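Colleague: I am new to this structure and would like a close look at a single chain. Please take chain B and describe how its parts meet each other and how it meets its neighbour.

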Amino acid sequence: MMFEGTVFKFGRDVDTDVIIPARYLNTTEPNELAAHVMEDIDPGFVSRVKAGDIIAAEENFGSGSSREQAPVAIKAAGIACVVAVSFARIFYRNAINIGLPILVCPEAAREAESGDLLRVDLDRGKVINLTKQKEYQGDRFPGFMQEIVAAGGLMAMVKEKLAGDKSGPS
Amino acid sequence: MGMTITEKILARACGRDQVRAGEFINARLALALANDITAPLAIKEFEAAGATKVWDPERVVLVLDHFVPNKDIKSAEQAKLVRDFARRQGLANFYDVGRMGIEHVILPEKGLVVPGDVVIGADSHTCTYGALGAFATGVGSTDLAAGMATGEMWLRVPETIRFNLEGTPGRYVSGKDYILYIIGMIGVDGALYAAMEFAGAAVAKLSMDGRFTMCNMAIEAGAKSGIVAPDAVTEEYCRGRARRKPEILAGDADAVYARVIEIDVAAIEPQVARPHLPSNAAPASTLAGVSIDQVVIGSCTNGRIEDLRMAAEVMKGRRVSPRVRAIVIPGSQEVYRQAMHEGLIDIFIDAGAAVSTPTCGPCLGGHMGILAAGERAVSTTNRNFVGRMGHVDSEVYLAGPYVAAATAVTGTVAMPDNV
């Protein structure tokens, strides 16, 4: 998977309460959630973000609540990929499970600035900052997670397993 | 080479003699939990995958606690979706208004979690159950959906950071002060992906309620889980409650820890975490005089009977400052009734505090105590992020029940001996 997009840059400890405040958690509709994504940290984000844009963030992106509505809202807003110095663990799992591409690439995430053009090669874990003309190597997913991504997400794997169980003992 | 208690629990759950930190395993679940915010998404995913029956209707627990009693039509629709699913699936453990409580208060209270369990919950504070010597971790709705369907979850065996708490605590120092102090020391990602194990003489002396408070906030340091090895206090708590046989495990003497941190609790003063991170901990005494508009006493962190006793001890015979709205929320019906029997509810009402049915409500800015722009709260909850309890320009200071109650009385951040 390859993405090219304009960077929205955030600092460290961006928590899921600012990604999607709880006052909007009375729905699970992706588009309703996307209308308020990042509202409490960058009120203009929703009006400026375009499909294919990329979020770059520093340490501990997605900390706090387990609300899966956070990666759902980011994805529905059109964000193609999130590159960070590090991710909070529940957010990391959730993003993989719902198919929001994410990459741990500390240097690329730290050096990127809002407005930079970034190219991300998820399979090879590579990031190129086209504005700064610099290339970075990030962490590829461990094999276990690549299987989930390749299967099309966690529930696709569960579906296969359930179908297998129904066809009788193996 | 020995194993930590967390490695032992996870080895049992994947049917092996030994696992090591860093390995990926498929663990069998003892319980899978969700609430009215996370279950709707999980149910959608569950049904979209073609699953028809949960793996075990005794072991899928659904609790309506965040936006209940329903705060608006949309929340009511979400609760209804969960309720209908619970009925369709014949879930033995579905908790609705009037019989519910805050999930992390009632699951231990009803004996649903026992030592040695592996529990996942679509709520980040699921790590609370580590206090019972279980492995418990928060997940998102899709992981929960997969867990409901299969009774299993993949996970990476975490490294353990061990905190040895020794010494004798000062007056008015509780489990909340220990954990705020620790998060202040290591930061909000200081235990990222790791298990936080709390041990030492000071932890041995803590009640179960104090241990629940400590493990509850492990997530605020980025941890996967918090844990206290079971002892006589744990076994006493389980007696007459546990619905399954507890597996009492202990770490080996030669277990490998990523870090061991020694803490002398005698040096810990009552703590307050300033806005906007739980790691912004400082001695409450250094914040004396900061004016406060609202005090919240409750939540999955501090909504148990011992927490209400601490608050009542300070509020007894006193009045809440006229400039403060004080809101007390018992964490469960059982806690509520016990508080009533002990006369604590009278103390709160006599003081001029509001007492409510159990709900997560104000903690996450849901309902029952939202802050306006420029307002400031002292709260016994777990997060003080930007906008957490309401307006983006409001502030939350986290504290234990003693400091929260003293603050309610004086109207400014206060120590209990200064009211």
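Modeller: What follows goes from the chain as a whole to its domains, and then to its contact with chain A.

This is a predicted model, in which local features need pLDDT of at least 70 and side-chain atom pairs count only at pLDDT 80 or more, while totals for chains, interfaces and linings use all residues. Residues are numbered from 1 along each chain as its sequence is written, chains are lettered from A and ligands numbered from 1 in the order in which they are written, and side-chain values use heavy atoms, with hydrogens and water left out.

Chain B has 14 helices and 18 strands (DSSP runs, H or I of at least four residues for helices and E of at least two for strands, numbered from the N terminus). Its C-alpha trace spans about 60 × 50 × 40 Å along the principal axes.

The domain assignment, which is automatic or from a database, splits chain B into domain 1 (10–263) and domain 2 (270–418). Their C-alpha centres lie 24 Å apart. In contact (heavy atoms within 4.5 Å) are 41 residues of domain 1 and 43 residues of domain 2. The area buried between the two domains (accessible area, 1.4 Å probe, lost on being put together and summed over both) is about 3,300 Å², and carbon and sulfur atoms give 61% of that.

Two salt bridges cross between the domains (a side-chain nitrogen of Lys or Arg within 4 Å of a carboxyl oxygen of Asp or Glu). B:Glu220 and B:Arg383 form a salt bridge, at 3.0 Å from N to O. On the side of domain 1 that touches domain 2, α4 (103–109), α6 (175–186) and α8 (208–216) of chain B each supply at least two residues. The largest share, six residues, comes from α6(B).

Chain B also touches chain A, with 53 residues from chain B and 43 residues from chain A taking part. The area buried between these chains is about 3,900 Å², with 58% given by carbon and sulfur atoms. Four salt bridges are counted between chain B and chain A. B:Asp143 pairs in a salt bridge with A:Arg93, whose closest N and O atoms are 2.7 Å apart.

On the side of chain B that touches chain A, the elements that give two or more residues are α2 (39–48), α3 (73–89), β6 (135–138), α5 (141–150) and β7 (152–156) of chain B. Here α5(B) gives the largest share, seven residues.
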